[in-house]
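I opened the notebook to check helices, core and salt bridges. The model goes here before my entries.

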Amino acid sequence: MTTVIKRNKWEIWRDVIFALFAREIRTGFNDKFGLSWAVISPVVFIFVLAFLRGRLGGGETHTMPTFTFMAIGILFIQSFLGTLASTARAIKQNKALYAFRQVQPISAVLAGGLFQILIKMFVTIGIVIVMYFMGMDLQMSDPLLFLSCFFLLTVFAMAIGLVFGVAELFVKEVSRIRELATRPMFFISGVFFSLQDFPKEYWHFLNWNPVLQAIELTRYSVYTTYGQEGVSFGYLAGIVLVFTFFALAMYQITWKQAISR
């Protein structure tokens, strides 16, 4: 006799997200290099840029090793841009599945975000392993602040990605605007230079950027001697909360009309 397993709506939602997450892994790692290339590529990129920055600026940047300074900046900007692009594309990529009433666009966004978190976890582990074998200094003064900044940056990227993903269902050219708008982020988010490298009277032109706030606070969490002047965890958390609320409100109002187009 067949047993029918009854699930509540949260269990159904969890299973849907897991299924979409597994689908992301299969489609993202379906070439011969698989997960290894997804990790090796950003690790090599980080090492090359960190090496060049070290050759130009010396071995230490504001009391922390230049390699660590650059690795944090590149890792976080890659995480932000990758998560934003992945979650924005996820809604459209899974549109055919919305014929099933259990599958909603927000599940695809969460699965895309989890997929990017998985990749960046392996990248972080890869960087730490290489640093260990190269005899580089490994230090973490405030692990909770480090994880909090990474979590807030990921949520912020997913919120922005959700807004773009829904908007792209109404106007497909929005994807081009997204690509154009995110290009300067690599240069205005403190990846190559610290906020401390600029005169204080110009800080207000840069420290409105939540990504720069997250990167600078993360550097402080690794080396407290780096300092946190000009940035604020409260500001970062507040901006993320506001954007997340706005994104979820917009999604709740528009998602049914968006997927019916």
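Which glycine follows H4, and what is the sign of its phi? I found glycine 135, with a positive phi near 75 degrees. This is a predicted model, where local features need pLDDT of at least 70, side-chain atom pairs count only at pLDDT 80 or more, and totals for chains, interfaces and linings use all residues. Residues are numbered from 1 along each chain as its sequence is written, and side-chain values use heavy atoms, with hydrogens and water left out.

**Core.** I looked up the largest nonpolar core (buried Ala, Val, Leu, Ile, Met, Phe, Trp, Tyr and Cys residues joined through side-chain atoms within 4.5 Å). It has 75 residues, and Phe76, Phe80, Val123, Leu162 and Val211 have the most contacts inside it. H5 gives the most to this core, 15 residues.

**Salt bridges.** I searched for a Lys or Arg side-chain nitrogen within 4 Å of an Asp or Glu carboxyl oxygen. The whole structure holds 4 salt bridges.

I checked burial next: buried is under 20% relative accessible area, exposed over 50%, partly exposed in between (1.4 Å probe, protein chains only).

- Arginine 14 and aspartate 15 pair at 3.3 Å, N to O. Arginine 14 is exposed at 52%; aspartate 15 is partly exposed at 27%.
- Arginine 178 and glutamate 168 pair at 2.8 Å, N to O. Arginine 178 sits in helix H6 and glutamate 168 in helix H5. Both are buried.
- Glutamate 216 and arginine 219 pair at 2.8 Å, N to O. Both lie in helix H8, 3 residues apart. Glutamate 216 is buried at 4%, and arginine 219 is buried at 0%.

Conventions: Helices (H or I, at least four residues) and strands (E, at least two) are DSSP runs, numbered from the N terminus.
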